[in-house]
Amino acid sequence: MISKELPTVLIVDDEKNNLRILSDLLRDEVHVILAKDGQQAIAKARQMKPDIILLDVIMPGMDGFSVISELKRLPETSSIPVIFVSALSDADSEANGLKLGACDYIHKPFHADIVKARVQLHLKLLQQRYLLERLSNIDPLTSIANRRKFDGHLKETWLQSQEKRASFALVMIDIDYFKQYNDTFGHAAGDIVLEKVASAISSNIDSENDLIARYGGEEFVLILSEKDEDQVQKLTEACWVAIKDLKIPHSREDDIEYVTVSMGGVYCLPEFTLEPTKALDKADQLLYKAKQQGRNRVLWSRMEDTSDNKKSLSV
Ligand SMILES: Nc1nc2c(ncn2[C@@H]2O[C@H](COP(=O)(O)OP(=O)(O)OP(=O)(O)O)[C@@H](O)[C@H]2O)c(=O)[nH]1
């Protein structure tokens, strides 16, 4: 992907000579991978996720038009920009290539500087797209994932857990008496608390597999994957303790010494077939209960549990 030091370009052509000329042309500026036919191109694109594909049209077996159709059909390769480099220079072929989803069409025999300039242009556009994608997934105040990112991640985690028959956990987290904090110290001080709480949770989770997101206002949500029930509960409790340990002074007159959070967590088992929103509802109900029971605590439940066997981890 583009975040690597050098972007990767996959060049697909059945003519060895073309592969050599194109890779010599680009190799100073990009990391080049080669494929000599359509099947190999699809396999390498799926496996190596290049940033851009330069694709020949006329090839024995699978032609370039069939290759792009397959690449656009597969979710893991559908967004990779494809530039055709073809000896088919008639308008119909070019229009067909663009209709099938190519971002550009270069005619053979090609001019070296034009190939370089077009590849550079598409790499620049790609960089801007990656930046926009990143910004649209981040909460600007806390720099953690936003609600948009969370919604997508929850759907993905749910599908993966069903495919792999793996469990995962979902935890809703809400700052206690935050209105009072804002009223006492001001909204700007409240913003700093939100940043500190987000950072305390982030530094306690496994960033490879877990996601912390700002769900809205003073509410956060955590998705924990690839962990057993014991690990999940320990990690959740570590976040809860880390926030208490920040020792952010609250309003002393009301006997609330430091900023704390309440949490409602559900452990979702692999057998599970309900919709992800059910897990979210359940975590929210537990959070509400934690608030009712006096705040500053973690309530936990298995998704299939009845309300009778919920247990309180910490008070
Ligand atoms: N500083 C700041 N405050 C926010 C932000 N978003 C929401 N809030 C405040 O969060 C407070 C939430 O108040 P409530 O929903 O009454 O909850 P609470 O006072 O924390 O009470 P409990 O959750 O029941 O413990 C409101 O005062 C909101 O204005 C934000 O981005 N920054």
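Where does Tyr177 lie? Tyr177 sits in the loop that links E6 to H7. This is a predicted model, and Tyr177 is a good place to enter it. Its phi is near 45 degrees, a positive value in a residue that is not glycine. Tyr177 counts as partly exposed because 19 C-beta neighbours fall inside 10 Å, and a residue needs 20 or more to be called buried.

The elements on either side of that loop lead to the ligand. Around the ligand there are 17 residues. The closest are Phe178, Lys179, Gly190, Gly217 and Glu218. Three elements give two or more residues to this shell: strand E6 (168–175), helix H7 (178–185) and helix H8 (187–202). Sorted by class, the shell holds 7 charged, 5 polar and 5 nonpolar residues.

Now step back to the whole chain. The protein chain is split into domain 1, residues 8–134, and domain 2, residues 147–314. Their centres, taken over C-alpha atoms, are 44 Å apart.

How far can the model be read? The average pLDDT of the protein chain is 91. A score of at least 70 is reached by 93% of the residues. The model has an ipTM of 0.98 and a pTM of 0.77. One stretch calls for care. Over residues 305–315, pLDDT stays under 50. For this stretch the model has 17 contacts beyond four places in sequence. Where pLDDT is low, the predicted coordinates should not be read in detail.

Domain 1 can be followed from its start. Strand E1 covers residues 8–12 and is mostly covered, with 4 of its 5 residues buried. E1 runs parallel to strand E2, residues 31–35, and 5 bridges join the two. Within this pairing, Leu10 has Ile33 of E2 as its bridge partner.

Further along comes Lys49. Lys49 lies in the loop between helix H2 (38–48) and E3. Its phi is near 40 degrees, again a positive value in a residue other than glycine. Is Lys49 buried or exposed? Lys49 is partly exposed, because 14 other C-beta atoms lie within 10 Å. That count falls between the two limits, since exposed takes 12 or fewer and buried takes 20 or more.

The next loop, between strand E3 (52–55) and helix H3 (64–73), holds Ile58. Ile58 has 15 other C-beta atoms within 10 Å, so Ile58 is also partly exposed. Which residues does Ile58 contact, leaving aside neighbours within four places in sequence? They are Asp63, Ser86, Ala87 and Leu88. Asp37 offers another reference point for Ile58. The two are 21 residues apart in sequence, and their C-alpha atoms are 9.9 Å apart in space.

Last in this walk is Pro109. The peptide bond that leads from Lys108 to Pro109 is cis, with omega near 0 degrees. Pro109 is placed in the loop between strand E5 (104–107) and helix H5 (112–135). Pro109 is exposed, because 8 other C-beta atoms lie within 10 Å and the limit for exposed is 12 or fewer. Ser89 is 20 residues from Pro109 along the chain. The C-alpha atoms of Pro109 and Ser89 are separated by 9.7 Å.

Methods: Residues are numbered from 1 along each chain as its sequence is written. This is a predicted model: local features need pLDDT of at least 70, side-chain atom pairs count only at pLDDT 80 or more; totals for chains, interfaces and linings use all residues. pLDDT is the predictor's confidence in each residue, from 0 to 100. Two residues are in contact if their C-beta atoms, placed from the backbone, lie within 7 Å. A residue is near a molecule or strand if its C-beta atom, placed from the backbone, lies within 6 Å of it. Ala, Val, Leu, Ile, Met, Phe, Trp, Tyr, Cys and Pro count as nonpolar, Asp, Glu, Lys and Arg as charged, and the others, Gly among them, as polar. Domain bounds come from an automatic or database domain assignment. Two strands pair if DSSP finds at least two bridges between them.
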